[in-house]
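Hi everyone, thanks for making time this morning. Have the sequence and the structure open in front of you, and stop me whenever you like.

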Amino acid sequence: MSTALNIYDPSAKAEAGPSSLAGLTRAQMRDAMISAGVEDRKAKMRAEQAWRWIYHHGARDFDMMTNIAKDQRSVLAEQFTLDRPEIVERLVSVDGTRKYLIRLAPGVECETVFIPDVGRAGALCVSSQVGCTLNCTFCHTGTQPLVRNLTAQEIAAQVMAARDDLEEWPTSNENRQITNIVFMGMGEPLYNLDAVSDAIDIISDGDGMAIGRRRMTVSTSGVVPKIKELGERTNAMLAISLHATNDDLRDVLVPLNKKYPIVELMEAIKSYPSLGNSNRVTFEYVMLKGVNDTPAEARALVKLLKGIPSKINLIPFNPWPNSPYECSDWETIETFAEIVNRAGYASPIRTPRGRDIFAACGQLRSESKKLKASERRALQNNG
Ligand code: SAH
Ligand code: SF4
């Protein structure tokens with residue numbers, strides 16, 4: 001955890017004013033009630049009531065909480081807020097994709113992208129870190145040094161902020177716009193597994209936002225020692241950013257491969273709990289012109305995945321300023337897809353979404369930098 005200020009950390013209250021209840025885990029919500037003076041034996045029930053108002057109804061005002069006595073509501077309102085992090089910029093693409101720049105704390109911003117017409121209705125792509133410690137050479141986020149891990153609250157709050165914008169409250173079982181969550185925004189989720197796992201608990205809770213665990217996909221560049229644990233703790237779907245079929249090339253594209261080579265990665269994937277035909281691993285493969293896109297590589301991919309229930313997402317490379325690669329030609333991508341497809345794997349070519357607003361895969365990057373404590377204080381004092 002970096003030293004960056006977190007205004008959503010209840011312990012940071014004295015420094016940053018009342019903290020928000022929006023985005024807390026069940027246990028944190030109960031602790032918050034106790035700190036607001038609710039007796040221990042009543043705290044659980046009070047927390048459950050608040051939980052439903054916050055995560056089912058999307059309450060932004062304590063006065064909505066009509067099953068909590070008025071005087072208790074005012075005590076809560078004195079000590080807490082129901083604020084979400086601020087959406088400081090909102091861009092809407094010609095294809096309906098929405099990109100939000102979300103300010104989590106002074107000088108700490110992440111991007112969240114809503115992509116309509118994915119899954120049952122639409123997917124929200126959330127960030128787990130600001131920046132990334134890894135430097136995949138085709139990824140824009142990789143050029144932004146890690147500022148810090150996000151808290152579970154900040155991850156859950158991205159979903160809440162997007163649902164505010166899409167007017168998706170209260171939670172309904174019909175006509176939802178956000179049906180799926182993908183951890184494919186900024187950062188490496190498996191380097192922040194505690195927060196990701198708590199966030200998944202919050203987002204999937206049936207008494208709140210109720211987005212099923214099977215509708216959540218966590219994408220990793222291959223943090224081998226954490227893969228099995230991810231499945232055990234979250235029950236989420238697994239996606240692996242593969243991009244190459246041999247270590248020499250993967251070492252260049254995904255430098256983490258030098259630490260965890262392909263053989264070890266494949267072994268870890270096989271250990272993912274409840275893998276099967278209805279629970280396939282998604283392999284992401286970015287199509288880079290003249291780098292990894294030959295028919296021979298398509299065949300090597302098929303061979304590599306033998307025995308693993310998988311689907312393969314071919315992602316046309318999305319360029320960003322001064323990126324060192326080009327996207328493969330359409331024909332090349334189709335030939336590649338056909339080889340994989342003929343071998344019996346679903347191999348959809350992912351249509352680039354929101355390229356015009358730099359919201360597509362790998363184009364996310366915020367201007368946030370890791371600041372010294374003195375710089376942070378100055379920023380905070382200036383609002
Ligand atoms: N760090 C995690 C999750 C975020 S990246 C991971 O690497 O899996 C989400 C996906 O976008 C990954 O598959 C990543 O490899 C891919 N990606 C990154 N840069 C891209 C680019 N410029 N064009 C297309 N896909 C890209
Ligand atoms: Fe980080 Fe994923 Fe980008 Fe690699 S592809 S730099 S792991 S965000």
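Let's begin with the shell around ligand 2, whose residues divide into four nonpolar, three polar and no charged. Who are they? The residues around ligand 2 are Cys 132, Leu 134, Cys 136, Cys 139, Gly 142, Gly 187 and Ser 221. Please keep in mind that what you are looking at is a predicted model, so every value I give you today is computed.

Now for the other ligand. How do the residues around ligand 1 divide by class? Here the shell has eleven nonpolar, nine polar and two charged residues. Of the 22 residues around ligand 1, the ones that come nearest are Phe 138, Gly 187, Ser 219, Ser 241 and His 243. You have met Gly 187 already, since Gly 187 is also listed around ligand 2.

Let's look at some polar contacts of ligand 1. Gly 187 uses its backbone: an N or O atom there lies 2.9 Å from a nitrogen atom of ligand 1. Ser 219 uses its side chain, with a polar atom 2.6 Å from an oxygen atom of ligand 1. Glu 284 also brings a polar side-chain atom, and that atom lies 3.0 Å from an oxygen atom of ligand 1. How much of ligand 1 does the protein bury? Taken alone, ligand 1 exposes 530 Å², and the protein buries 96% of that.

Where in the fold does this shell come from? Strand 10, residues 216–220, strand 12, and strand 13, residues 310–316, each supply at least two residues of the shell around ligand 1.

One of the nearest residues deserves a second look, and that is His 243. His 243 has a phi near 70°, a positive value in a residue other than glycine. You can find His 243 in the loop between strand 11, residues 237–241, and helix 8, residues 247–253. Is His 243 buried or exposed? His 243 has a relative accessibility of 3%, so it counts as buried.

There is another residue with a positive phi to compare, Glu 167. Glu 167 is not a glycine, yet its phi is about 55°. This one sits in the loop between helix 5 and strand 9. Glu 167 is exposed, because its relative accessible area is 69% and the cut-off for exposed is over 50%.

Stay in that loop for a moment. Pro 170 is found there too, between helix 5, residues 152–165, and strand 9, residues 180–183. Which residue does a cis peptide bond join to Pro 170? The partner is Trp 169, and omega is about -10°. Trp 169 has company as well: the charged end of Arg 163 sits over its ring, 4.3 Å from the centre. Elsewhere you can see a similar arrangement, where the charged end of Arg 26 sits over the ring of Trp 51, 4.4 Å from its centre.

Next, rings that meet rings. A pair of aromatic rings is described by the distance of the centres and the angle of the planes. How many aromatic pairs does the structure hold? There are three, and I'd like to show you one of them. Tyr 285 and Phe 336 have ring centres 5.0 Å apart and planes at 35°, so we call the pair tilted. This pair links distant parts of the chain, with Tyr 285 in strand 12, residues 281–287, Phe 336 in helix 11, residues 330–342, and the two positions 51 residues apart. Tyr 285 is buried at a relative accessible area of 2%, and Phe 336 counts as buried at 1%.

Last, let's try some distances along and across the chain. Ala 199 lies in helix 6, residues 193–204, and counts as buried at 0% relative accessibility. Its C-alpha atom is separated by 9.6 Å from that of Thr 234, 35 residues apart along the chain. Asp 164, in helix 5, is buried with a relative accessible area of 18%. Asp 164 and Pro 273 are 109 residues apart in sequence and 34 Å apart in space, C-alpha to C-alpha. Finally, Glu 78 is in helix 4, residues 70–79, and counts as exposed at 64% relative accessibility. Between Glu 78 and Thr 294 there are 63 Å in space, C-alpha to C-alpha, and the two are 216 residues apart in sequence.

That's my tour, so over to you for questions.

Conventions: Residues numbered from 1 in each chain as written. Chains lettered and ligands numbered in written order. Predicted model: local features only at pLDDT ≥ 70, side-chain atom pairs only at ≥ 80, totals over all residues. Heavy atoms only, no water. Phe/Tyr/Trp six-rings, centres within 6.5 Å; stacked < 30°, edge-to-face > 60°. Helix = DSSP H or I, 4+ residues; strand = E, 2+ residues; numbered from the N terminus. Buried < 20%, exposed > 50% of the residue type's maximum accessible area, 1.4 Å probe, protein only. Lys NZ or Arg CZ within 6 Å of the ring centre and 35° of its normal. Near = heavy atom within 4 Å. Polar contact = N/O pair within 3.5 Å; in protein donor to acceptor, adjacent residues only side chain to side chain. Areas by Shrake-Rupley, 256 points an atom, 1.4 Å probe, with all protein chains shown as cover. Nonpolar A, V, L, I, M, F, W, Y, C, P; charged D, E, K, R; others polar.
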